[in-house]
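Colleague: I should be grateful for a close look at one part of this model. Please begin with a single residue and then work outwards to its surroundings.

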Amino acid sequence: PQFTELLFLVAIAFHLANYFWSFLAKVQLDHSPMLWLTQNNPAAIFLTALDDDHIVFSGYPGVVEWTYWIVDRTHHLTNAFILVVQAAAALALFFPKRIFVALLIAFDLMHFAIIVIAGANFWPWIILNLIIAFVVTRDEMIRPIPIKLIATFFILISPRFVYVTQLGWL
């Protein structure tokens, strides 16, 4: 059973690695940890997606203007939220079950926002997070700390074994 537990957590760790390594990509842009936080304005991505006809509500000028206004005015706050949430992925396996599920929901809110402002297809990620949340909430096993440590180690070394998305731009 411990090996099965380890495999289960390693599989989740590989998924969490995508978030953690995206965090690292953001704080390493141009060797400036604050660059992405202060300079990334997704309103520009929204305008590009709008020009490329990737925004499903592009036919509603009022909604487009309101969305642009919100994204443009809140990007420093949302950038900080994204960095904190993605960095938390490195320690997520040690979180209590409810906090872990809340983190998965935060990831999905981030994905939904990307769908809205960029038109990118993040539905598979949302579905995967919901499946993980469902399984974790149904699971009654308490995982020993050494198993959590080993699985967390896989978050850090995962690029050596699997392709890890490093989305420093969004």
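Which residues does His 15 touch, not counting residues up to four places away in sequence?

Modeller: The model is a predicted one. Setting aside residues up to four places away in sequence, His 15 touches Trp 125, Leu 128, Asn 129 and Ile 132. His 15 itself is found in helix 1, which covers residues 2-27. With a relative accessible area of 8%, His 15 falls under the 20% cut-off and is therefore classed as buried.

From this residue one may turn to the nonpolar interior. The largest nonpolar core has 41 residues, and those with the most contacts inside it include Ile 12, Leu 16 and Phe 20, together with Leu 93, Phe 100, Phe 107 and Ile 155. At least two residues of this core are supplied by each of helix 1, helix 2 (35-39), helix 4 (61-88), helix 5 (97-118), helix 6 (123-138) and helix 7 (145-157). Helix 1 provides the largest share, 12 residues. A second, separate core consists of eight residues, among them Phe 46, Ile 55, Phe 57 and Ile 117.

Phe 20 deserves its own description. Leaving aside neighbours within four places in sequence, Phe 20 is in contact with Gln 86, Ala 87, Ala 89 and Ala 90, and also with Ile 155 and Leu 156. Ile 155 is one of the buried residues of helix 7, the others being Ile 147, Lys 148, Ala 151, Thr 152 and Ile 157. These buried residues of helix 7 pack against helix 1. Helix 7 has 13 residues and spans 18 Å from its first C-alpha to its last, close to the 18 Å expected at 1.5 Å a residue.

Helix 5 has 22 residues, and its first and last C-alpha atoms lie 31 Å apart, close to the expected 32 Å. Just after helix 5, Gly 119 adopts a positive phi of about 75°.

The surface offers a nonpolar feature as well. Phe 112, Trp 123, Ile 127, Ile 131, Phe 134 and Val 135 form a nonpolar patch there, with about 590 Å² of accessible area together. Helix 6 gives the most to this patch, with five residues. Phe 134 has its place in helix 6. Its relative accessibility is 49%, and because exposed requires over 50%, Phe 134 counts as partly exposed. To return to the starting point, His 15 is buried, whereas Phe 134 is partly exposed.

Key
Residues numbered from 1 in each chain as written. Predicted model: local features only at pLDDT ≥ 70, side-chain atom pairs only at ≥ 80, totals over all residues. Heavy atoms only, no water. Helix = DSSP H or I, 4+ residues; strand = E, 2+ residues; numbered from the N terminus. Buried < 20%, exposed > 50% of the residue type's maximum accessible area, 1.4 Å probe, protein only. Contact = heavy atoms within 4.5 Å. Core = buried A, V, L, I, M, F, W, Y, C linked by side-chain atoms within 4.5 Å. Expected span 1.5 Å × (residues − 1). Patch = residues over 30% accessible without salt bridge, like charges linked within 9 Å, V, L, I, M, F, W, Y side chains within 5 Å. Areas by Shrake-Rupley, 256 points an atom, 1.4 Å probe, with all protein chains shown as cover. Salt bridge = Lys/Arg side-chain N within 4 Å of Asp/Glu carboxyl O.
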